[in-house]
Amino acid sequence: MLDTAKEGTTILIDSSASDAVQDGAHAADADVASVELRGLQPRCDGPKLHPFAHRKAKIKFVKRLSDPDHEGQGHVFHVDIARKTYALKIFNFYDDESDVEDLVGPDLDAIGLDLLHAHSDPFYNECRAFGKLIESNLNGRVAVRCHGYTTIRAELVHQIGHRFQVDDWIKDAEEHQYYQLPLHRQVFRATVKDLIQDDVPLTHMRVKRMRRDLLRIREQGVYPMDIKASNYRGALLVDLSSARTEPHFWFDMCSWWDYERTIEEDLVQFDQMVKEAGVKTSVIAFTKSYRSKLRSRDGVRKKYTK
């Protein structure tokens, strides 16, 4: 149920009926029978994320946290669940059009759509990245603490969207095959994280810690790929929806040049973020010594080519 909300008030939803869901969110899979999204996700080799412990509890939506003018991969809300406060990121439906276009012919045939989705869908990106940090006992230490994933029925999300003026859950919604299904077969997927409200200014000491945390994240084979000030709260990274986490099909099939350029990207982004913030510091993430370390790896990986 969704309580009627007036301007400036909170809304409460009963999510107890929201776990009978479609496993995945790709339009091409929309005609298959509905199954429950349970257990560790995604269902592929590599790190996975567990379900949120209180996924059947009522969710009290307090306010929207994400920038309404920023086109992202989902929307973040301040919520109360089981008498605790969290940040709930509800993901837009995944559209694989651009990812499929990047992989044509033999590459796409060798990889397959299931693995492409598991390694490219922003929701699964967060599941794999936070799953790896949990495996490494780094959850909440080098990035925000993640408490797992949950699901919410579409009709409830539509009402939440109306309350908070969110209308971009699905790209080209009127033409989206998944959008035309009965409401009981539609779900939105979400990750549950600590709510960090302190948006502290960058200082030399915080930049030093953030660089250390980023390097530790990358040491686990997790490459955030989207480092910017808006993805930090309290000097902790809170968004990993663009992350590439090993094992990843792209790392196994790209050239050395593409591999090197890709995993250097978030280091370059980090330095640019610090520069734009005007912080007086000698701390830098991307160095020549780091590039030399990278070059000790093999030049070309072709695991998925036939």
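Let me begin with two neighbouring helices in this predicted model: α3 and α4 are roughly perpendicular to each other, because their crossing angle falls within the 65 to 115 degrees that count as such. To put figures on that, helix α3, residues 113-120, and helix α4, residues 122-135, cross at roughly 70°, and their axes come within 5 Å. On the α3 side the contact is made by H117, A118, H119 and S120, while α4 contributes P122, Y124, N125 and R128. Sorted by character, the residues of this contact of α3 with α4 comprise 3 nonpolar, 4 polar and 1 charged.

I would now like to turn to the second pair, which involves helix α6, residues 204-219, packing with α8 at an angle of about 170°, with the two axes 12 Å apart. An angle over 145 degrees counts as roughly antiparallel, and α6 and α8 are therefore described in that way. Here V207, M210, R211, L214, L215 and R218 in α6 meet I263, D266, L267, F270, M273 and V274 in α8. The residues of the contact of α6 with α8 divide into 9 nonpolar and 3 charged, with no polar ones.

Finally, a few words on α8 itself. Helix α8 covers residues 256-277, and because a helix is expected to advance 1.5 Å a residue, its 22 residues should span 32 Å, which agrees with the 32 Å that separates its end C-alpha atoms. Please note, alongside that agreement, that α8 has a kink of about 35°, centred on E265. After α8 comes G278, and the phi of G278 is positive, near 70°.

Methods
Residues numbered from 1 in each chain as written. Predicted model: local features only at pLDDT ≥ 70, side-chain atom pairs only at ≥ 80, totals over all residues. Heavy atoms only, no water. Helix = DSSP H or I, 4+ residues; strand = E, 2+ residues; numbered from the N terminus. Expected span 1.5 Å × (residues − 1). Bend = angle between axes of the 7 residues up to and from the residue. Axes fitted to C-alpha atoms, helices over the stretch in contact; angles between N-to-C directions. Parallel < 35°, antiparallel > 145°, perpendicular 65-115°, else oblique. Contact = heavy atoms within 4.5 Å. Nonpolar A, V, L, I, M, F, W, Y, C, P; charged D, E, K, R; others polar.
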